[in-house]
Number of protein chains: 2
Amino acid sequence: MSRPPIETRRPLTLRDVSEASGVSEMTVSRVLRNRGDVSEATREKVLEAAKSLGYVPNKIAGALASQRVNLVGVIIPSLSNLVFPEVLSGISAELEDTGLQPVVGVTNYSPEKEEAVLYEMLSWRPSGVIIAGLEHTEAARAMLENAGVPIVEIMDVDGQGVDSVVGISHRRAGLHMAEAIIAAGYRRIGFLGTKMPEDHRARKRYDGFKEGLAEAGITLADEEFYQGGSALAKGREMTETILRRTPDLDFLYYSNDMIGAGGLLWCLDNGIDVPGRIGLAGFNGVDLLEGLSVRLATMDACRREIGRKAAEIIAGRPHQGLIGGEVIELEPVLELGDTIRKG
Amino acid sequence: MSRPPIETRRPLTLRDVSEASGVSEMTVSRVLRNRGDVSEATREKVLEAAKSLGYVPNKIAGALASQRVNLVGVIIPSLSNLVFPEVLSGISAELEDTGLQPVVGVTNYSPEKEEAVLYEMLSWRPSGVIIAGLEHTEAARAMLENAGVPIVEIMDVDGQGVDSVVGISHRRAGLHMAEAIIAAGYRRIGFLGTKMPEDHRARKRYDGFKEGLAEAGITLADEEFYQGGSALAKGREMTETILRRTPDLDFLYYSNDMIGAGGLLWCLDNGIDVPGRIGLAGFNGVDLLEGLSVRLATMDACRREIGRKAAEIIAGRPHQGLIGGEVIELEPVLELGDTIRKG
DNA sequence: CTGAAAGCGCTAACAA
DNA sequence: TTGTTAGCGCTTTCAG
């Protein structure tokens with residue numbers, strides 16, 4: 001079933017509206033942007049002409065002329081990670097009434113791809129850039145430094161940012177989780193996470209976690225890593241694997257909630273007493289999982305809030321002058337749930 | 001801890017590279033775009049100058065001059081629906097090597113927001129637009145018709161598209177699910193879904209489902225709708241509610257996999273025999289859930305594939321001439337899983 | 001309140 | 001292989 005081709009006519013310009021309304025291009029432009037004083041009469045004439053023609057302004061030309069682009073570049077590692085759509089949603093909510101629009105680029109956790117995406121974004125001369133993480137290639141870092149627009153690095157505060165930074169300390173998140181686990185009396189502790197050298201935040205949590213254990217004179221009893229696949233399913237598998245290998249583990253710390261939920265479900269299916277026989281904890285506070293009958297212990301990473309604050313910095317910067325260099329550290333909240341023994 | 005402000009120097013232009021390399025702007029431009037023949041010697045000179053200056057081309061100016069924009073507008077209702085990030089991922093994969101870049105706009109299922117987002121997108125004169133659904137405001141439809149670039153409406157084929165269409169028939173998806181359920185011997189059937197007047201695809205599945213039941217002389221025994229909140233949790237709640245109200249139901253059809261999974265978990269927790277006492281089915285084939293011990297019956301909506309095909313149409317159009325009007329209907333695959341009785 | 005002129009930074013088209 | 005010229009469609013600036 002095919003229909004006649006869309007006709008490719010010349011796109012309408014300001015001039016068309018100008019001619020149709022008998023008003024100069026300049027005045028038409030003023031009306032369409034709500035700038036300067038225009039008499040109500042001309043205003044209406046113009047608006048009507050524009051509407052009846054179906055005129056859509058050309059922002060390319062507008063941006064070139066005004067040297068102003070209402071776009072904010074947002075660079076994130078992934079859209080399937082669940083965490084990032086939430087950050088995005090915070091950004092998008094905060095930007096709602098500012099006239100700014102987020103443009104998303106995805107890097108798949110590849111520094112090279114990140115560099116390429118950043119280059120591409122900067123070539124559109126956005127009003128600001130929000131980028132996940134503090135670790136970038138040298139070239140990317142140079143681009144960020146020279147972009148001449150506000151840059152906000154998000155998610156992580158453990159390191160040195162280029163301009164502003166909004167996030168949590170993943171190192172301390174891991175450390176605090178270790179402390180809570182030890183305080184609850186667990187001693188034979190296993191770690192389960194992703195095998196992703198480029199997931200710096202997961203790594204920092206891992207490091208912080210081990211640090212926290214070390215403070216209590218404990219070392220990780222076992223660990224297990226995975227790559228790709230459905231996180232829930234991987235959580236099951238890994239849990240089975242690690243418990244088979246090291247049966248006396250009494251706690252499993254998962255580097256994210258999805259694998260943690262998989263592990264939890266596996267334990268429940270297999271009649272393992274949680275948190276009596278074994279305790280579990282994840283990371284992120286994914287609300288997706290709120291419907292589980294047993295609530296997994298986790299740490300909320302303040303994802304929406306991070307998005308909001310980052311967007312706020314970009315949107316606010318022009319007003320408060322180009323200050324730059326804010327560092328906003330949010331405090332992740334430990335939620336004990338039902339998978340860590342109380343007292 | 002604050003650092004000195006980012007210095008706001010004049011952005012570099014082609015002219016700066018031209019002067020630094022002693023080559024004309026035009027030749028610099030050619031080198032940077034890999035266009036036309038340039039001697040290896042000049043080429044290297046230019047590249048080095050550009051790199052050492054840290055020059056990033058201005059696509060705004062480039063796009064205006066060349067009347068070409070390597071952006072593809074993608075307009076979707078939501079990023080938290082899980083389905084859409086998957087579609088996006090298909091689009092982004094297909095566009096990978098075409099030089100085209102997706103730009104995402106989110107409508108929150110609001111037709112007015114969709115109209116606004118579309119207007120905004122078209123004002124950047126993208127090379128094409130991919131938009132979810134066939135239902136738009138009159139103004140939005142007019143914009144799509146007059147955009148002068150390929151338009152692909154995705155997800156749904158039940159209705160009349162503006163240009164090309166890639167999707168599945170949600171009506172028939174619902175209908176087939178009804179047939180499968182009846183064939184398995186279930187008779188007292190309940191429906192659980194979202195209370196979203198603007199989710200036309202869910203509505204079409206609902207209609208198709210009832211149609212399928214009607215063919216067998218059956219009517220829906222009960223139904224329950226929800227709005228907002230964690231889908232998994234809502235699935236639990238609604239399942240409890242509907243079964244309390246209508247205890248003799250022997251099948252529950254959920255309008256998406258997440259609430260379906262919530263219902264499944266509730267049944268398992270409450271020792272209800274699935275699929276013996278009651279059968280369950282969802283919709284979407286969300287791999288996120290692959291780790292459940294009992295696999296929910298579902299219908300894969302071919303989300304990545306839809307994204308791929310849509311992007312392929314946009315990317316391919318310039319080559320095969322502006323034909324327009326393809327309609328690609330994909331066939332959702334019924335996956336019986338473990339929650340529908342066999343035979 | 002309205003209009004005219006001069007670009008924004010780049011590329012198409014042509015000339016050398 | 002390289003350079004020159006003339007815009008792309010809009011906004012800034014300044015003059016009426």
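**Entry 1: DNA strand D**

I began with DNA strand D and found 24 residues around it, of which A:Leu14, A:Met26, A:Ser29, A:Tyr55 and A:Arg68 come nearest. A residue is near a strand here if one of its heavy atoms lies within 4 Å of it. Of the atoms of DNA strand D that come within 4 Å of the protein, 66% belong to sugar and phosphate.

A note for my reader: this is a predicted model, in which local features need pLDDT of at least 70 and side-chain atom pairs count only at pLDDT 80 or more, while totals for chains, interfaces and linings use all residues. Residues are numbered from 1 along each chain as its sequence is written, chains are lettered from A and ligands numbered from 1 in the order in which they are written, and side-chain values use heavy atoms, with hydrogens and water left out.

Next I looked up polar contacts, which are pairs of N or O atoms within 3.5 Å; within protein, one atom must be able to donate a hydrogen and the other to accept it, and residues adjacent in sequence count only if both atoms are side-chain atoms. Which part of A:Leu14 lies 2.5 Å from a phosphate oxygen of DNA strand D? It is a backbone N or O atom. From chain B, a side-chain N or O atom of B:Asp37 is 3.3 Å from a phosphate oxygen of this strand. The side chain of B:Gln67 has an N or O atom 3.1 Å from a sugar or linking oxygen of DNA strand D.

I then asked which elements give two or more residues to this surface. They are α2 (25-33) and α4 (59-66) of chain A, along with α2 (25-33) and α4 (59-66) of chain B. Helices (H or I, at least four residues) and strands (E, at least two) are DSSP runs, numbered from the N terminus. With four residues, α4(A) gives the most to the surface near DNA strand D.

I sorted that surface by residue type and got 10 nonpolar, 10 polar and four charged residues. In this sorting, Ala, Val, Leu, Ile, Met, Phe, Trp, Tyr, Cys and Pro count as nonpolar, Asp, Glu, Lys and Arg as charged, and the others, Gly among them, as polar.

**Entry 2: DNA strand C**

I turned to DNA strand C, where 24 residues lie around the strand and A:Arg30, B:Leu14, B:Ser29, B:Tyr55 and B:Arg68 come nearest. Sugar or phosphate accounts for 66% of the strand's atoms within 4 Å of the protein, and bases for the rest.

I found base oxygens of DNA strand C in polar contact with backbone atoms: A:Ala65 at 3.2 Å and A:Leu64 at 3.4 Å. A:Gln67 uses a polar side-chain atom, 3.1 Å from a sugar or linking oxygen of DNA strand C.

Which element gives the most to the surface near DNA strand C? I noted α4(B), with four residues. At least two residues each come from α2 and α4 of chain A and from α2 and α4 of chain B. The residue types here are 10 nonpolar, 10 polar and four charged.

**Entry 3: where chains A and B meet**

I counted contacts (heavy atoms within 4.5 Å) and found 63 residues of chain A touching 63 residues of chain B. About 5600 Å² is buried between the two chains, 59% of it on carbon and sulfur atoms. Buried area is the accessible area (1.4 Å probe) that two parts lose on being put together, summed over both.

How many salt bridges join chain A and chain B? I count four, each a side-chain nitrogen of Lys or Arg within 4 Å of a carboxyl oxygen of Asp or Glu. In one salt bridge, the side chains of B:Lys59 and A:Glu120 meet at 3.2 Å, N to O. I also noted 16 residue pairs in polar contact between the chains, both residues at pLDDT 80 or more.

On the side of chain A that touches chain B, α4(A) gives the most, with five residues. That side divides into 34 nonpolar, 15 polar and 14 charged residues.

**Entry 4: domains and backbone**

I looked up the domains of chain A: domain 1 (1-55), domain 2 (61-169 + 304-329) and domain 3 (170-301). These bounds come from an automatic or database domain assignment. The C-alpha centres of domain 1 and domain 2 of chain A lie 34 Å apart.

Is the peptide bond from A:Val274 to A:Pro275 cis or trans? I found it cis, with omega near 5 degrees, and A:Pro275 sits in the loop between α11 and β9 (279-281) of chain A. In chain B, the bond from B:Val274 to B:Pro275 is cis, with omega near 5 degrees.

My last stop was A:Arg125, a residue other than glycine with a positive phi, near 50 degrees. A:Arg125 lies in the loop between α6 and β3 (128-132) of chain A.

How values were computed
Contact means heavy atoms within 4.5 Å.
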